Amino acid sequence: MYDDDDLAAIREGKERWEAETLDPTLERHGERSDRFATVSNMEVDRLYTPDDVADIDYEEDIGFPGEPPFTRGPYPTMYRGRTWTMRQFAGFGTAEETNERFHYLTDEGQTGLSTAFDMPTLMGKDSDDPLSDGEVGKEGVAVDTLRDMEILFDGIDLGEVSTSFTINPSAPVIYAMYVALADQQGVPREKIRGTLQNDMLKEFIAQKEWVIPPEPSLDIVTDTIEFAVEETPKFKPISVSGYHIREAGSTAVQELAFTLADGFAYVEDCLDRGLDVDEFAPQLSFFFNSHNSLFEEVAKFRAARRIYARVMKEWYGAEADASRQLKFHTQTAGQSLTAQQPLNNVVRVTIQALAGVLGGTQSLHTNSFDEALALPSEEAVRVALRTQQIIAEESGAADIVDPLGGSFAVESLTDDVEEEAMAYIEEIREMGDGSVRDGVLEGISSGYFHREIQDASYEYQERVEAGEETVVGVNEYEIEEDTRPDILKVDEEVQERQRERLADVKAERDDEAVEAALAAIDDAIAAGENVMPPMVRAVKAYATMGEIMDVFEARHGSYRETVGMA
């Protein structure tokens, strides 16, 4: 972007500045540290100049919003057209309680629903399963059958709302229930909007929730994508998630690289299924973490769009802009929240949310300040939502498209993140002999991802314990007073009420219809057919979450992780 004479003059000017202005100041006062780095341990320079971005080609590397490589955003007007979707994670106890929270949040101005499920539901277990004892409704809402889904969305028009479902091993069952509920409400399937997390590769890499082994899990994910292309074109059947990779302790670069590698693995599996990339790729979505180092996070989001646009075209032949536009949801960093002085978390979340907005996110969840202690209270959820609204309405951050674009520092960091992330992706591709999908599966089997994340997490903790990383209220600025707020507690009677409803459903349903529906799912698995159509029929017959997932486990077996040594 600068000619050689300009760059030479800038370098000469910087040398003069260092000698005449900087060095005397350093001799008198020094700096507050010998080393400056992001939370991911990426060192940052004192000052960035045009010399740091001399190799950037504006049109090829930055461009304009709404045009490849989409570095500056997937849409030309970004938030000047409309703000990001504001989603607050909600789910606890029974469907009735969560439905009440849904209505509260929409009344307060939330623009999209985001559903949290309890551990039994996440793991494909019914509330009356012995393994569910003590966990029903504790960390999210319990959903056993379509009856729970009917109550969960009582008074909510599925044709008018966008709903996100944070669930993975049993995600196809929840998706089937949502489709069945839309049919019940008379809402055309092509009108329902939302996002299903449904990212099983990430589970085997980081979050560690699974039922069946990786390869058949991948097959079912591809089934949902194939079904969504035909039946629910406005619904995103997968949200390829780096969030949990980051929460497990990865760096920002690892989060980006492993997430995109997972995304490319799904693309390859869909292509092998015979799907057209320009038909399914627009329905893929992504989900990233936003941590404390504001400029690193902005650079990560911008690099993500650029890598995705180039790889989708060069490796997978995507032609349509919609197939090359990486669109993503952002959640602020749960692992950064502290139980000590929890009101400090409001500040952390604000910075993280601002990074997501400056980085061009399409939807945003802001964590509540009390989440290190319990499920969020109503007051904490309101503050979290107001944080987004203040950023959108008062800060001016939503008024300029890609406001940090052109910053010497941010453009340089974007290049650095892209280069390091691509090195990881190429390494994974080599592990699969040219296939990213096979490389990801090999990385899961060999423990490659586990080791990379574990090492990064360990190094960060060492820096915290050594005082090299400051965590306010934890290893600096501690106080002795008890600062814990009132927290939400789930009624112990929730489990009993949920089990009673499940028993009622089982007593009222047509058992023969349920058995036939479950057998149809098994037949589809055996024949290598898409499992979604028979699954929708099964949930309409009020087959339970556990009954449906048991069919898959009976066919494919369970999975036990074995981590190879380096």
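This passage walks through strand pairing, a buried helix, aromatic pairs and two buried loop residues in a predicted model.

Start with the strands. E3, covering residues 162-166, and E4, covering residues 193-196, run parallel and are joined by four bridges. Within that pairing, Ser 164 has Thr 195 of E4 as its bridge partner. To get from E3 to E4, the chain passes through helix H6, residues 171-185, and the resulting β-α-β crossover is right-handed. E4 also pairs with strand E5, residues 235-236, again in the parallel sense, this time over two bridges. Here Gly 194 sits opposite Phe 235 of E5.

Next comes helix H8, residues 214-231. With 18 residues at 1.5 Å each, H8 should span 26 Å, and its end C-alpha atoms are indeed 26 Å apart, so expectation and model agree. Of those 18 residues, 13 are buried, which means that H8 is largely enclosed by the rest of the structure.

Aromatic rings come up a lot: the structure holds 27 aromatic pairs. In one of them, the ring centres of Phe 153 and Phe 165 are 6.2 Å apart and the planes meet at 70 degrees, so this pair counts as edge-to-face. The two residues are twelve apart in the chain, with Phe 153 in the loop between helix H5 (146-152) and E3, and Phe 165 in strand E3 itself. Phe 153 and Phe 165 are both buried. A further pair brings together Phe 258 and Tyr 424; with centres 5.2 Å apart and planes at 75 degrees, it is edge-to-face too. Because Phe 258 belongs to helix H10 (residues 252-273) and Tyr 424 to helix H16 (residues 408-431), this pair ties together parts that are 166 residues apart in sequence. Phe 258 is buried, at 0% relative accessibility. Tyr 424, with a relative accessible area of 16%, is buried as well, since the cut-off is under 20%.

Some of these rings turn up again in a group. One aromatic cluster is formed by Phe 102, Phe 117, Phe 153, Phe 165, Tyr 175, Tyr 178, Phe 227 and Phe 235. Among its members, Phe 165 lies in strand E3, while Phe 235 is the residue of E5 that stands opposite Gly 194.

Phe 235 also leads to a loop residue, Gln 283. This glutamine is found between helix H11 (277-280) and strand E7 (284-290), and at 6% relative accessibility it counts as buried. Setting aside residues up to four places away in sequence, Gln 283 touches Ala 228, Val 229, Thr 232, Pro 233, Phe 235, Lys 236, Pro 237 and Ile 238. As for Asp 321, which is 38 residues from Gln 283 along the chain, the C-alpha atoms of the two are separated by 13 Å.

The other loop residue to look at is Ser 336, in the stretch between strand E8 (328-332) and helix H14 (344-358). Ser 336 has a relative accessibility of 7%, so it counts as buried. Its side chain makes a polar contact, at 2.9 Å, with the side chain of Gln 352. Apart from neighbours within four places in sequence, the residues in contact with Ser 336 are His 291, Asn 292, Asn 345, Arg 348 and Gln 352.

Notes. Residues numbered from 1 in each chain as written. Predicted model: local features only at pLDDT ≥ 70, side-chain atom pairs only at ≥ 80, totals over all residues. Heavy atoms only, no water. Pairing = 2+ DSSP bridges. Right-handed = clockwise from strand over helix to strand, strands pointing away. Buried < 20%, exposed > 50% of the residue type's maximum accessible area, 1.4 Å probe, protein only. Polar contact = N/O pair within 3.5 Å; in protein donor to acceptor, adjacent residues only side chain to side chain. Contact = heavy atoms within 4.5 Å. Expected span 1.5 Å × (residues − 1). Phe/Tyr/Trp six-rings, centres within 6.5 Å; stacked < 30°, edge-to-face > 60°.
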